[in-house]
Amino acid sequence: MKESSSLPIVIGLYGFSNSGKTSLIFRLIKSLEKAGFSAAVIKCTDKNISSEPAEKDTSGFRAAGAKMTSFSSTSETNFVLPTIMPLSQILEHIRIFVDVDIILIEGAHNPEIKKVRLGDIAERENTIYTYRGDFDALFGQILLLIRR
């Protein structure tokens, strides 16, 4: 693991729907953990998201004007902000909440972050690798970035 004072690397993954992004991220997380590294994930989507149906408490809290709601249980905590947040701000919040070596972003568009393309989708700015099923090669590239 890197020194806690260093920032995690950020790598986005993008591809057509059903191109294997989520499955690849699951595999990367497991392999990173086996190698002694930790990961966080951001999933970007163009769909509306909600953690609870409209008739439930937290949706009601948001409708009443709460600036943030939180689910807290004996096994996890979930924060819900009723606002669109730029990627830079999401990354900063992750860095505050957890110390990780890498942040993976599914559906990455931001031109400033390094990206892995899955399949034949049009290449986005700052694409560093095109994944075509060669997991070991991709994983090796990611390890090199983390260890820098």
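Guide: Two strands are said to pair if DSSP finds at least two bridges between them, and the strands themselves (E, at least two residues), like the helices (H or I, at least four residues), are DSSP runs numbered from the N terminus. The structure above is a predicted model, in which local features need pLDDT of at least 70 and side-chain atom pairs count only at pLDDT 80 or more, while totals for chains, interfaces and linings use all residues. Residues are numbered from 1 along each chain as its sequence is written, and side-chain values use heavy atoms, with hydrogens and water left out.

Visitor: What makes Thr 77 the bridge partner of Ser 72?

Guide: Ser 72 has Thr 77 opposite to it, in β4. The two strands, β3 (residues 69–72) and β4 (residues 77–80), run antiparallel and are joined by four bridges. Set against the requirement of at least two bridges, β3 and β4 therefore count as a pair.

Visitor: Why are β3 and β4 called a hairpin, and how many residues lie between them?

Guide: The two strands form a hairpin with four residues between them.

Visitor: What pattern do the elements of the protein follow along the sequence?

Guide: The order is β-α-β-α-β-β-α-β-β-β-α, made up of four helices and seven strands.

Visitor: What makes β2 and β7 edge strands?

Guide: Five strands make up an open sheet with the order β2-β5-β1-β6-β7 and parallel pairing. In this order β2 (39–43) and β7 (127–131) each have a single partner strand, so one side of each has no neighbour in the sheet, and that is what places them at the edges. From one strand to the next the twist averages 25°.

Visitor: How do you know that β6 and β7 pair?

Guide: Strand β6 (residues 114–118) shares four bridges with β7, in the parallel sense, and Arg 117 stands opposite Thr 130 of β7. Strands of a sheet pair through backbone hydrogen bonds, which may be arranged parallel or antiparallel.

Visitor: How do you know that helix α1 packs on the sheet, and which strands does it touch?

Guide: Helix α1 (residues 21–34) touches β1 (9–15), β2, β5 (102–106), β6 and β7, where a contact means heavy atoms within 4.5 Å. The direction of α1 makes about 170° with that of β5; axes are lines fitted to C-alpha atoms, for helices over the stretch in contact, and angles run from 0 to 180 degrees between N-to-C directions. Helix α3 (residues 87–97) packs on the sheet as well, touching β1, β2 and β5, and its direction makes about 150° with that of β2.

Visitor: Why is Ser 31 called buried?

Guide: Buried means under 20% relative accessible area, exposed means over 50%, and partly exposed lies in between (1.4 Å probe, protein chains only). Ser 31, which is found in helix α1, has a relative accessibility of 19% and therefore counts as buried. Leaving aside residues up to four places away in sequence, Ser 31 touches Phe 135 and Phe 139.

Visitor: What makes Ser 38 buried or partly exposed?

Guide: Ser 38, in the loop between α1 and β2, has a relative accessibility of 22% and so counts as partly exposed. Its C-alpha lies 9.5 Å from that of Pro 8, although Ser 38 and Pro 8 are 30 residues apart in sequence.

Visitor: Why is Asp 99 called partly exposed?

Guide: The relative accessible area of Asp 99 is 43%, so it falls in the partly exposed class. Asp 99 lies in the loop between α3 and β5, and the distance from Asp 99 to Tyr 14, C-alpha to C-alpha, is 24 Å, with their positions 85 residues apart in sequence.

Visitor: What is the phi of Asn 18, and is Asn 18 buried or exposed?

Guide: Asn 18 has a positive phi of about 65° although it is not a glycine. Asn 18 belongs to the loop between β1 and α1, and because its relative accessibility is 79%, it counts as exposed. Asn 126, in the loop between β6 and β7, also is not a glycine and has a positive phi of about 70°, but at 31% relative accessibility Asn 126 counts as partly exposed.

Visitor: What share of the whole protein counts as buried?

Guide: Of its 148 residues, 35% count as buried.
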